[in-house]
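Got your viewer open? Let's take a walk through this model, one selection at a time.

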Amino acid sequence: MITPREHVERTPIGDGVRLCASCIPRGRCRLGISGLGLDAEGVARFRLVCDAGHEGGPGVAHGGWTASVLDEMLGSVALLHKRLTVTKSLTVEFLRPVPIDQPLLGRSWNDRIEGRHWHNVGEVTLAATGALLGRATGVFSERDPDHFQRHKDWLATQIGKAAD
Ligand SMILES: CCCCC/C=C\C/C=C\C/C=C\C/C=C\CCCC(=O)SCCNC(=O)CCNC(=O)[C@H](O)C(C)(C)COP(=O)(O)OP(=O)(O)OC[C@H]1O[C@@H](n2cnc3c(N)ncnc32)[C@H](O)[C@@H]1OP(=O)(O)O
């Protein structure tokens, strides 16, 4: 079985972020995230733009976009340390409307690790002024790469049960 590090290293990067399966063919994150790497304090930094494809209210991002980018940014913290985690819980605060087509900045970092659980934090700000628009806390559960095969096996059992 491959190690989590090998699994992470085999996943393609686009604009500085490890790409999820659906974005690998396009070569960039569909949410408009580019990664700037870890700074000296171990904080992951990102450039973000919410394009009109994610417009909710007039001129502002759908809340699902904001929650998704925070999930992605907090989920990237362990990836940047070559560890594999999935979101166990995510709490999002929508502090101000997020404008579309405006440069935004994202930051995410680890607060503490308890066993296999990474407690991560992150925020989205307006690049022009640093105004805080949204923030999140989340717990990310460290997994082995067999997580996805386990899911397939579990699903096959469930579907089998439904057919009985
Ligand atoms: C998009 C995912 C990417 C993940 C990384 C993949 C590749 C890396 C490379 C590039 C990716 C690029 C970017 C990614 C960056 C950020 C992505 C954002 C992160 C996400 O957006 S990620 C998707 C959303 N998040 C989930 O989708 C989690 C669903 N939630 C669970 O999976 C469990 O809830 C879990 C693991 C959280 C529990 O955590 P835990 O610490 O409590 O773990 P525990 O082992 O105790 O399991 C407790 C119970 O879950 C069962 N269980 C565990 N694993 C299972 C499996 N594989 N199949 C079937 N059942 C499973 C056990 O059997 C037990 O069941 P029971 O209670 O009945 O005994």
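We'll visit the sheet, then the ligand, then a stretch from a database record.

A quick note before clicking: residues are numbered from 1 along each chain as its sequence is written. What you see is a predicted model, so local features need pLDDT of at least 70 and side-chain atom pairs count only at pLDDT 80 or more, while totals for chains, interfaces and linings use all residues.

**Stop 1: the sheet.** Switch to cartoon view and find the open sheet, where 6 strands run in the order β3-β4-β6-β7-β8-β5 with antiparallel pairing. (Strands are DSSP runs of E with at least two residues, helices are runs of H or I with at least four, and both are numbered from the N terminus; two strands pair if DSSP finds at least two bridges between them.) Which strands stand at the edges? Select 33–38 for β3 and 85–94 for β5: each has a single partner strand, so one side of each is left without a neighbour in the sheet. On average, neighbouring strands here are turned by 20° against each other, direction ignored (axes are lines fitted to C-alpha atoms, and angles between N-to-C directions run from 0 to 180 degrees).

**Stop 2: the β3 edge.** Add residues 44–48, which make up β4; 5 bridges join this strand to β3, and the two run antiparallel. Click L38 and you'll find its bridge partner, A44, in β4.

**Stop 3: the β5 edge.** Now select 132–142, strand β8, which pairs with β5 in the antiparallel sense over 9 bridges. F94 has G134 in β8 as its bridge partner. Next add 117–126, strand β7: β7 and β8 also pair in the antiparallel sense, over 9 bridges. Look for N120, standing opposite G138 in β8. The hairpin of β7 and β8 has 5 residues between the strands, and G130 there takes a positive phi near 80°.

**Stop 4: the ligand.** Show the 20 residues around the ligand; T11, G75, V86, S141 and R150 come nearest (a residue counts as near if its C-beta atom, placed from the backbone, lies within 6 Å). Which element gives the most to this shell? That's α2, with 5 residues. Select 63–80 for α2 and 147–163 for α3: these two and β5 each supply at least two residues of the shell.

**Stop 5: a record.** Finally, select 59–116, which UniProt lists as "domain: Thioesterase" in an unreviewed entry. The end C-alpha atoms of that span lie 40 Å apart, and the span is 31% helix and 36% strand.

Technical notes
Pairing = 2+ DSSP bridges. UniProt positions renumbered as here; feature names shortened; annotations may be inferred.
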